[in-house]
Amino acid sequence: MLTLVRRRVRTAALALSAVAALTLGTTATTGAAAAPAPAPAPAPAPLKTGPASVAYVEVNNHSMLNVGKYTLASDGDTVFDVAVIFAANINYDTGTRTAYLHFNENVQRVLDNAATQIRPLQQKGIKVVLSVLGNHQGAGFANFPNQQAASAFARQMSDAVARYGLDGIDFDDEYAQYGTNGTGQPNDSSFVHLVSALRANMPNKIISLYNIGPAASRLSYGGVNISSMFDYAWNPYYGSWQVPGLSLPKSKLSPAAVEIGRTSQSTAASLARRTVSEGYGVYLTYNLDGSNRSADVSAFTRELYGSAAVYTP
């Protein structure tokens, strides 16, 4: 089976604009929790049954609202259950030697306009989570120098979730370039401390893992295994089938991963069929754009839900 490593557009961060973009009421190490955003209106009860469908959106290029434009022809329910804002960054301040949460201008625009970019999805029952990704600066989820530093970054993430009314955080340990700027190499304790602190901060929010990078292989430390703290974990290689190696029930795993518009419809259908037949509960898609992708989406919804997908601009 063809395995495609994803190709994602990146925006380099400038240190001064990065600090300005982080308007969470915290620093990298201290600060009070942000005031929560107003709760979205109650979402309708879902009609469909079957695996949850996830859509990553490159907000440098595409609108989050595209996720809400697909419904099932059979009952009108939304196709996608989780929308992922791709992506915020873990950046590194060389002056203070600390990691901090950064939003480029496109991510910041989505968050600042949550009322029009996020709430409409939530009102349809779609959960909206923020992916956090390395940014070539040496800071990553696996090289915090101590537990306090990991906890401080966890607080920045949970504050962002509260401030912008999000439904959770997605970890993607790529592009950190560990060792850059004099940063440390991956260690065994960092990710355990980070996820443990984040789960304590957000007991009822989504925490998901894009199963790649040094952090994904460092899930246990000091007698603590954080696998059960994740709500979802998914395969990071598009066009392939790979079961994430976490101790989670099948209902929380996506061994299937497709890139919409690049993974063939026959492969997407085959992976969806296998998802159902082997009892897995999640189906991952990447790079939903603004085109009418109903044919690509229908390829997997027919197998997952027994219905074609309808696109409504």
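The following questions and answers deal with confidence, nonpolar cores and one serine in a predicted model.

In this predicted model, local features need pLDDT of at least 70 and side-chain atom pairs count only at pLDDT 80 or more, while totals for chains, interfaces and linings use all residues. Residues are numbered from 1 along each chain as its sequence is written, and side-chain values use heavy atoms, with hydrogens and water left out.

Trainee: In which strand is confidence highest?

Mentor: Confidence is given as pLDDT, the predictor's score for each residue from 0 to 100. The protein averages 90, but helix H1 (residues 15-21) has the lowest mean, 36. Helices (H or I, at least four residues) and strands (E, at least two) are DSSP runs, numbered from the N terminus. The highest value, 99, belongs to strand E7.

Trainee: Which helix gives the largest share of the largest nonpolar core?

Mentor: A nonpolar core is a set of buried Ala, Val, Leu, Ile, Met, Phe, Trp, Tyr and Cys residues joined through side-chain atoms within 4.5 Å. The largest one has 79 residues, and Phe80 and Phe230 are among those with the most contacts inside it. Its largest share, seven residues, comes from residues 147-164, helix H5.

Trainee: Is serine 53 buried or exposed?

Mentor: Serine 53 lies in strand E2 (residues 52-58). Beyond four places in sequence, its contacts (heavy atoms within 4.5 Å) include Phe80, Tyr283 and Leu304. Buried means under 20% relative accessible area, exposed over 50%, and partly exposed in between, with a 1.4 Å probe and protein chains only. Because its relative accessible area is 0%, serine 53 is buried.
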